[in-house]
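Here is a short briefing for a first look. Keep the sequence and the model side by side as you read.

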Amino acid sequence: MLLSEQDQFLSYNGEVLVFQLTKPKHAEEADGETINLCVRRMAFNRDTKLFVQKSSGVFSMGASHSNIEIICCSCTTDSRTGIILPCILMKKKKRNNVKYFLLLLHSSNQFEPSFYFRLDYELKEDIRLFAGPSLLWRHANKLFYISSNTCQVQSAPVQLSSVVWTGEIVGEGTVVLGVRTACLPETEDPDGFSVSDRAIWGSEFFGYSIQTQKTLTGTCFMPHAYSRVVSSVYVCKSERLKQQLRISLVAITHKNQLLWFQNGAPKGVCELPYENPCSVKPAVTSSNDLLFVVSFASGNSCVVQRRDSLQVASKWQKVKCVLVDDFISSGSEQLLLLFDDDSNTDVLSAFKITDLGEVNYASGINYKHDVPAAEGLQENGFLTVRALETRLQAGWTSVRELQQHLGLQKRVILESCRALIDLVEERTHILPNSKEVKCRKWEGLVSLWDDVENPPDSLSKVTSLASEVPEHFTEELWQRVVGDSLVVGVKLTESFYLSLSDVSLSLVMDQDFPSVSPIIKCQSKIIKLNKAFSALAVSSSQIEPPPKKMKLDLHSKSDLKKEFPMRSSRIQLDGAKTVTAVTSLSPLLAFHRVCCVVLLHARKQNHQNDSLQQSKKITVLCGKILLNLEGISNGRYSVKMLRENGYCTGSMEDILAVLAVSVRFSFQIVSCDCTMTPVRSWLLGEMECTPFKECQDNIFCHKAGNVHGTIFNWALKNPFEGVLTIFCRNLTVLFQCLHSLIRILPPSCSVKLLRSGSKGVLTEQLALALEKEILTLKNSLFLKETKAENSLTWGNESGKKINNSPLASLLDTEEGVQQFRKKLQNEREESVQSMNQTMNGALYQKMALKIAEAQLSSDMIVWRLA
C-alpha cells in the first residue's frame, strides 16, 4: 500500500482545510488494511497572528493491497440543498482495477460518499469538479462526465484536444470551453471572420453545455487565433443583453502572457515574470481592486493587477499553494501563500496573508512580545491607505469631470465657429433645438435663445452694426508660402485703418471636418512699409519685461486667451497699413485642398468727448483664400526675390511675407577709431545683398545657405555710429550673421543689442501710452462720480427745493439762518455718504482691467527704453 505524499489544501468560509492520508496508530502493526482521510480546519488568529486548529475529522477506508490517492478537491454546490460544500475526489487502484469515489465534507466534519465509478484507465487530463457534485475529464480527445444524479459515466458527442475552462454561463448552465480541430462548413456562414480565422489556424474554440447538450460558438469568448496558445481561462463575468451573450475573461498562454478579453476582443496584455503558467484565479480586495493570481509549474506565483492596464503587482518563489478567501474576517478577500519549508513539519508554518494593500501578515515574525506596537502600526497603515485611496478616487472623479467639460467646451466652440461663418457669409444659422441636443448627448447644454422661427433681437443688432462698416475697406488680400509657413495679408484702405485699434486676423476653415477645429491657430503682425522703413514690423511675440509683483487674476481675460490662442497681444495700429497672419503650413497640406475664410478683428474707435468707452469690437469678412498642393508645387505662392540691374525685384507682398515670418533684432555699432564703412562693404560683398529698388537702405541677402532670405537695414547716425537691424528666420541665422560681421569689424568696435526700435519712436509711443493711461483714469473717475450721483438722494427729507438765494439775504432773518443751517447739515451728510459709497464688483473689475492694461502698456515701453 502506498500513500500520497502531498497534502491537499482548500479554503472554505475563511478557513483552511488540510486533507491528509494517514495510517491509524492501532493498525500500524497489522499489515495496514485501513487508511484514514484526515481533515483539519485551520483558522487565522489575529491576536497571535498564527493559524490554529479549530476542529478535525476522519474518514476510514479499506486499503488492502491498494494505492489510495487524493486526486483533487474543490468547493462545489450540492444539488440537493444548494449549499456549497468541500468535495474530494479519491482514487483507489488495485492491480488493473481503478476505482474513483467522491466525498462531501459537512460542517460537522462528517464525510459523505456521493458516488463512485470504475474505469479501466487512470484520469490524467483536464479533471474538473463542478456543481452537483459532478466530475468531467478528457480521455483520448473525448469528453466524459458523471454526476451524483445519474451516477453513470456519459460521453459528450464532441472531439476536443484540451479543456481550458469549466463553469456556469447565464442561461446555459455548466459550460465546458475547449479547443478542437477546426470544423469548416461547406458554405460561408454570416461569421466570415470566424471561418477565415479557423481556416488559417486549423483549430477553434467551442463551448459545450452539459445540461442542454448544445454547442456554443467560441468567438464570444476569444478569437480562434488564440486557440493554439491559451492553456487556461477564467470567466469573470457573463450576461445576456438582447439575446446576445457578453463575456469578460482572462487567459494565460504558453507564451507567458496574461490576456484580457471583452466580448470576444482582446483588451489588454501583460507579460508574466516566469515560464509555464498553469492556472489563474481572481481575488477582490478591500479597495475593490481586481487581482489575478497566476500559478506556475515551477512553484512560483505572481499577482496581476487590473486598473487602467494589466501589470504585475507582485511575485513570489517556492510557493506550495495559493488560496483566496477572507482569512482575517474583514469582509473582503485576501491571498494566502503557503511556502515550502522543510525545516518545519507544520503544514502552515511558512505563510503570507496579503491583499497588496493594507493587509499584510507573514509568518516568522514574533508578534507576542510586541502586539500593541504591531497593532498600532497596522491601524496607522489602514488609515493612511484609506485616506490616500479616497484622495485618488476624488482625483479620478475630477479628471473625468474635466474631460467631460473639455468635450462639451469643444462642441460649443465648434458650434460657435459654424455660427460665425454663417454670420460673415450672411447665411441664416440654425441653432440646435432641445431634441438635437439630446441626440448629440450635450449634457447640460441648452440654447441661449428661444427656439422660435423669427431671428432674435441680438442677431439683428449685429447685422445693423456690421452695416456701419464700409463695404470696400481692403485694397488687397494676398497669400504667400515662406518655408513651412503660410502668410496671409490684408491691406487696409487709409480711411478705414485710421479709425481702428487692436487689429488681428483669424483664419477659419470653410470645409466641415467633424474631428478638426475649424479655427486655424495663427499669429498676427501689423506692418508698415514705406521707403524709409520707419516702422518695419511689430511682432506679437517680443520679449516681455520681468513679471510684476502683483498680478490681476481676471477670469474673463484668461478665458479669452485660452479660447482664442491665435489672437495677438494689443498692438496700436498707428499708421499701419497691412495686417498679416502667419500659421504653420504642414497641417493644412494634410487636407490636400483647403478653403479658408479670412476675418479681421478690430476695435472701432469713437473719440467723442475723449472717451474710450465708446469703442466697439467688430469682425469683418475680408474674403477667402484657396490652398492646394498643386499650386504650392508650381510655385504659385512662392516668394520671388530676383536680382536685376543691381537691385532686388521682389514685390511689396513678397517683402511683407518675409518680414512677417522673420524676427527683428537691432544692434547699435559704435567705433571710436575708424568709420563704419566696413559694414556696408560686408553687406554688399560677403553677404551678397542687393537693395530693394524702392527703399535702398534695406537690402536682401542672396547668399546660399541658411542666411538666404535675411533682410538687413543699415542706418548711419554719424560716420562712427550706426544701427544694424536684422530680420531673420531664427536665432541660428542671427548667430551666423553676427559671427560673420564680427570678423570684419575692428577690435575697438562695440556691438550692443537694442531691445526695440529707435529712442525717438519709443519716446513717441510712450507719450501716447501715458496719454491713454491718463484718459483711462479720468474716464474711470468720471464714471464713478456719475454712478455716485445716480445712487445718492439729494435734497432734504421733505423733498422741498432749497432756495438758492444769496447768503446775505439768508442771514438777515431767523428763518433764513435756520434754512442755511439745514442746508449746511444736508451737504455734510451728502459728503459723508459720497465718501463711504460702495461700488458694484463687476464695475470695479472692469475699471481695474482698463487701468491695468494702460499701465502695463506704458511700463512695457519704459522697459524697452531702459
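Start with strand β44, which has both of its faces covered. On one side Glu721, Val723, Thr725 and Phe727 are buried. On the other side Gly722, Leu724, Ile726 and Cys728 are buried too. The model is predicted.

**Strand β44 and its partners**

- β44 covers residues 721-728, and 8 of its 8 residues are buried.
- In a regular strand, side chains alternate between the two faces of the sheet.
- Strand β40 (residues 663-670) pairs with β44 in the antiparallel sense, over 8 bridges.
- In that pairing, valine 663 stands opposite cysteine 728 of β44.
- Strand β43 (residues 711-718) also pairs with β44, antiparallel, over 7 bridges.
- Here leucine 716 stands opposite glycine 722 in β44.
- β43 and β44 are joined by a hairpin through 2 residues.

**The chain as a whole**

- The protein chain has 15 helices and 45 strands.
- It holds 866 residues, and buried residues make up 41% of them.
- Take the contacts in the chain with a separation of 6 or more: residues 24 or more positions apart account for 54% of these.
- The chain exposes about 49,100 Å², and carbon and sulfur atoms supply 52% of that area.

**Strand β12 between two hairpins**

- β12 spans residues 142-147 and is mostly covered, with 5 of its 6 residues buried.
- Strand β11 (residues 134-139) runs antiparallel to β12, and 6 bridges join the two.
- Which residue of β12 is the bridge partner of tryptophan 137? The partner is phenylalanine 144.
- The hairpin of β11 and β12 has 2 residues between the strands. In this hairpin, alanine 140 takes a positive phi near 55°.
- β12 also pairs with strand β13 (residues 154-159), in the antiparallel sense, over 3 bridges.
- Tyrosine 145 has glutamine 154 in β13 as its bridge partner.
- β12 and β13 form a hairpin as well, with 6 residues between them. Cysteine 151 lies in the turn and has a positive phi of about 55°.

**An open sheet of four strands**

- Strands of a sheet pair through backbone hydrogen bonds, either parallel or antiparallel.
- In this sheet, 4 strands are set in the order β22-β23-β24-β25, the sheet is open, and the pairing is antiparallel.
- β22 (277-284) and β25 (310-316) are the edge strands, since each pairs on one side only.
- From one strand to the next, the twist averages 25°.
- Strand β24 (residues 301-306) pairs with β25 in the antiparallel sense, over 6 bridges.
- Valine 304 stands opposite valine 312 in β25.

**Helix α15**

- How many residues does α15 have? Helix α15 has 25 residues, running from 841 to 865.
- At 1.5 Å a residue, α15 should span 36 Å. The C-alpha atoms at its ends are 36 Å apart, so the span agrees with the expected value.
- The buried residues of α15 are Leu843, Met847, Ile851, Ala852, Ala854, Ser858, Ile861, Trp863 and Arg864.

Methods:
Residues are numbered from 1 along each chain as its sequence is written. This is a predicted model: local features need pLDDT of at least 70, side-chain atom pairs count only at pLDDT 80 or more; totals for chains, interfaces and linings use all residues. Side-chain values use heavy atoms; hydrogens and water are left out. Buried means under 20% relative accessible area, exposed over 50%, partly exposed in between (1.4 Å probe, protein chains only). Two strands pair if DSSP finds at least two bridges between them. The expected span of a helix is 1.5 Å times one less than its number of residues. Axes are lines fitted to C-alpha atoms, for helices over the stretch in contact, and angles run from 0 to 180 degrees between N-to-C directions. Contact means heavy atoms within 4.5 Å. Accessible areas come from the Shrake-Rupley method with a 1.4 Å probe; for residues, only the protein chains shown count as cover.
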